[in-house]
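Here's a quick tour of one fold, piece by piece. Have the viewer open while you read.

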Amino acid sequence: MEENHYKMLVKVATLAGIIMLESNAESYRVENTVERILSVSQLPTVDVFANTTGLFITLDGPHFSEPITYVKRISQRATHLTKIHDVNQISRDITDGKLALKEAYQRLKRVNRKTYSSKSTYLATLLLVVSFAVLLGGDTSTVLLSILASLLLIATYPIRAWLNLNDFIYGIFATMVVAIVMPIVTKVTGASDLALDLAIISVLMPLFPGTAFTNGFRDSFKGDYGAGVAKIVEALTIAVSLGVGVALGLFIAKGIIS
């Protein structure tokens, strides 16, 4: 293989790793996928290190004047299981010889452009909140309150994109908005405090970092304690922001109602 071919191989592997990390894949899964792609080179030195915020790749061989090393920082993360599946399949097609590197790179770029539409995100949020309200045993008033709460949450999505809020600040902002408005609506409509509590709990579910918690423990069980602890701390930070937002919102709403 020529040096340019090796550089293209590393470029493909790097893009695959970035997509997976930004889609909230486990660090060990990212490392396995990137190593699988780089194994096509059959070189003795293939080093991959992935964590929550970075990807480090080195490819080296006896005839290299210097190693090929890529370092990429990961600043944005969102759960996207379809992207993880697609990248994994592309990596297997590469190792099986079914896919050339240039074609694989183009397919990865198309995968990277995939995203959920705003309408599908809004609908999924609404259905998830209402489903949890029903699952928690809520009555009709609880379901109606949960619909209103989900609409309030959805209304904060464009504001987050506009102001480019990070997860911690957005968690406080979104839950505070819901926790301020919902007690006032409950007071006006005469709904029960239980219905209010269930509606607020339900609206927290789309924001709760369950995937980060799970991936943190999975990475830890695989022996990657650095990446595992980082993900768990990230999840705990977001969870704290949700609690702070609800507490502030209820405190403000109590002052308004009184």
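Two strands count as paired here if DSSP finds at least two bridges between them. By that yardstick, strand β1 (residues 45-51) and strand β2 (residues 54-60) qualify: they run antiparallel and share 7 bridges. Keep in mind that this is a predicted model.

**The sheet**

β1 and β2 make a hairpin, with 2 residues between them. If you want to check the register, Thr-45 sits opposite Asp-60 in β2, and Asn-51 faces Gly-54 in β2. The hairpin belongs to an open sheet of 3 strands, ordered β1-β2-β3 and paired antiparallel. Because β1 and β3 (68-73) each have a single partner strand, they stand at the edges, and one side of each has no neighbour in the sheet. On average, neighbouring strands here are turned by 5° against each other, ignoring direction. Helix α2 (residues 27-38) packs on this sheet and touches β1 and β2, with its direction at about 155° to that of β1.

Here are the two facing pairs again, side by side:

| Residue | Opposite residue in β2 |
|---|---|
| Thr-45 | Asp-60 |
| Asn-51 | Gly-54 |

**The helix pair**

Now over to the helices. At what angle do the axes of α6 and α7 cross? For helix α6 (residues 140-163) and helix α7 (residues 167-189) it's roughly 145°, and the axes come within 9 Å. The crossing of α6 and α7 is right-handed. On the α6 side, the contact residues include Leu-145, Leu-148, Leu-152 and Tyr-157; on the α7 side, Tyr-170, Phe-173, Val-177 and Met-182 are among them. Sorted by type, the residues of the α6 contact with α7 come out as 15 nonpolar, 2 polar and 2 charged.

**One residue up close: Leu-196**

Leu-196 lies in helix α8 (residues 193-204). Is Leu-196 buried or exposed? Its relative accessibility is 10%, and the cut-off for buried is under 20%, so Leu-196 counts as buried. Setting aside neighbours within four places in sequence, Leu-196 is in contact with Leu-145, Met-182, Pro-183 and Thr-186. Some of those names should ring a bell: Leu-145 in α6 and both Met-182 and Thr-186 in α7 also take part in the contact between those helices. As for Thr-186, it is 10 residues away from Leu-196 in sequence, and the C-alpha atoms of the two are 6.7 Å apart in space.

Conventions:
Residues are numbered from 1 along each chain as its sequence is written. This is a predicted model: local features need pLDDT of at least 70, side-chain atom pairs count only at pLDDT 80 or more; totals for chains, interfaces and linings use all residues. Side-chain values use heavy atoms; hydrogens and water are left out. Axes are lines fitted to C-alpha atoms, for helices over the stretch in contact, and angles run from 0 to 180 degrees between N-to-C directions. Helices (H or I, at least four residues) and strands (E, at least two) are DSSP runs, numbered from the N terminus. A crossing is left-handed if the near helix is turned anticlockwise from the far one by less than a right angle, and right-handed if clockwise. Contact means heavy atoms within 4.5 Å. Ala, Val, Leu, Ile, Met, Phe, Trp, Tyr, Cys and Pro count as nonpolar, Asp, Glu, Lys and Arg as charged, and the others, Gly among them, as polar. Buried means under 20% relative accessible area, exposed over 50%, partly exposed in between (1.4 Å probe, protein chains only).
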